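Here's a quick briefing to keep beside you while you turn the model around on screen. Have the sequence open too, and hop between the topics in whatever order suits you.

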Amino acid sequence: AAAVAAGDWVIQVASFGKRDNAQALEQELGADFPTFHARAQINDQTWYRVRVGPFASRAEAENVAGELRAQGHNTLVQQLD
């Protein structure tokens, strides 16, 4: 899925082995945040990473990550490859 904004920083909120689970969380978060999922191959398994962003700066991503943590989500701020 393509990201909806410009920038190099994203927040990973979850990673699922089933695409349906990733899409459900993406839809839930999408009402409040720019959200997408990205597919990754790890040890011959496919994972779907739910991400928020991208953001222009790490500071902006960290700010939104704080909001997500306050809602009970785990977060990992990272720069896109």
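A salt bridge here is a side-chain nitrogen of Lys or Arg within 4 Å of a carboxyl oxygen of Asp or Glu. With that in hand, Arg58 and Glu62 make the cut, because their closest N and O atoms are 3.3 Å apart. Keep in mind that this is a predicted model. The fold to picture is an open sheet of 4 strands in the order E2-E3-E1-E4, paired antiparallel, with helix H1 lying across E1, E2 and E3 and helix H2 packing on the sheet as well.

**The salt bridge**

- Searching the whole structure turns up 1 salt bridge, and Arg58 with Glu62 form a salt bridge.
- Both residues belong to helix H2 and sit 4 residues apart, about one turn of the helix.
- Arg58 is partly exposed, at a relative accessible area of 39%, and Glu62 is partly exposed too, at 30%.
- As general background, side chains of opposite charge can pair when their charged atoms come close.

**The sheet**

- Reading across the open sheet, the strand order is E2-E3-E1-E4, and the pairing is antiparallel.
- E2 and strand E4 (76–79) are the edge strands, each pairing on one side only.
- From one strand to the next, the twist averages 40°.
- Strand E2 (residues 35–42) and strand E3 (residues 45–55) run antiparallel and are joined by 8 bridges.
- E1 and E3 also run antiparallel, joined by 6 bridges, and Ala14 has Val50 in E3 as its bridge partner.

**How the helices sit**

- H1 runs at about 155° to E2 as it lies across E1, E2 and E3.
- H2 touches E1, E3 and E4, and its direction makes about 40° with that of E1.

**The E2–E3 hairpin**

- The hairpin has 2 residues between its strands, and Ile42 stands opposite Gln45 in E3.
- Asn43, in the loop between E2 and E3, has a positive phi of about 50° although it isn't a glycine.
- Asp44 lies in the loop between E2 and E3, and its phi is near 65°, again a positive value in a residue other than glycine.
- Why flag these? Most residues other than glycine have a negative phi.
- Asn43 is exposed, with a relative accessible area of 73%, and Asp44 is exposed at 80%.

**The nonpolar core**

- The largest nonpolar core has 17 residues, and those touching the most other members are Ile11, Val13, Leu29, Val52, Phe55, Val64 and Leu68.
- Strand E1 (9–16), helix H1 (19–30), E3 and helix H2 (58–70) are the elements giving two or more residues to this core.
- Setting aside residues up to four places away in sequence, Val64 touches Ile11, Phe33, Val52 and Phe55.
- In soluble globular proteins, nonpolar side chains tend to be buried together.

**Residues worth a click**

- Trp47 is in strand E3, and it counts as partly exposed because its relative accessibility is 28%, between the 20% and 50% cut-offs.
- Leaving out residues up to four places away in sequence, Trp47 touches Ser15, Phe16, Gly17, Ala38, Arg39, Ala40 and Ile42.
- Trp47 and Asp81 are 34 residues apart in sequence and 17 Å apart in space, going C-alpha to C-alpha.
- His73 lies in the loop between H2 and E4, and it counts as buried because its relative accessibility is 17%, while buried means under 20%.
- Apart from neighbours within four places in sequence, His73 is in contact with Val13, Leu25, Glu28, Leu29 and Leu68.
- Gly53 and Pro54 are joined by a cis peptide bond, with omega about 5°, and Pro54 lies in strand E3.
- For context, most peptide bonds are trans.

Conventions
Residues are numbered from 1 along each chain as its sequence is written. This is a predicted model: local features need pLDDT of at least 70, side-chain atom pairs count only at pLDDT 80 or more; totals for chains, interfaces and linings use all residues. Side-chain values use heavy atoms; hydrogens and water are left out. Two strands pair if DSSP finds at least two bridges between them. A nonpolar core is a set of buried Ala, Val, Leu, Ile, Met, Phe, Trp, Tyr and Cys residues joined through side-chain atoms within 4.5 Å. Buried means under 20% relative accessible area, exposed over 50%, partly exposed in between (1.4 Å probe, protein chains only). Contact means heavy atoms within 4.5 Å. Axes are lines fitted to C-alpha atoms, for helices over the stretch in contact, and angles run from 0 to 180 degrees between N-to-C directions.
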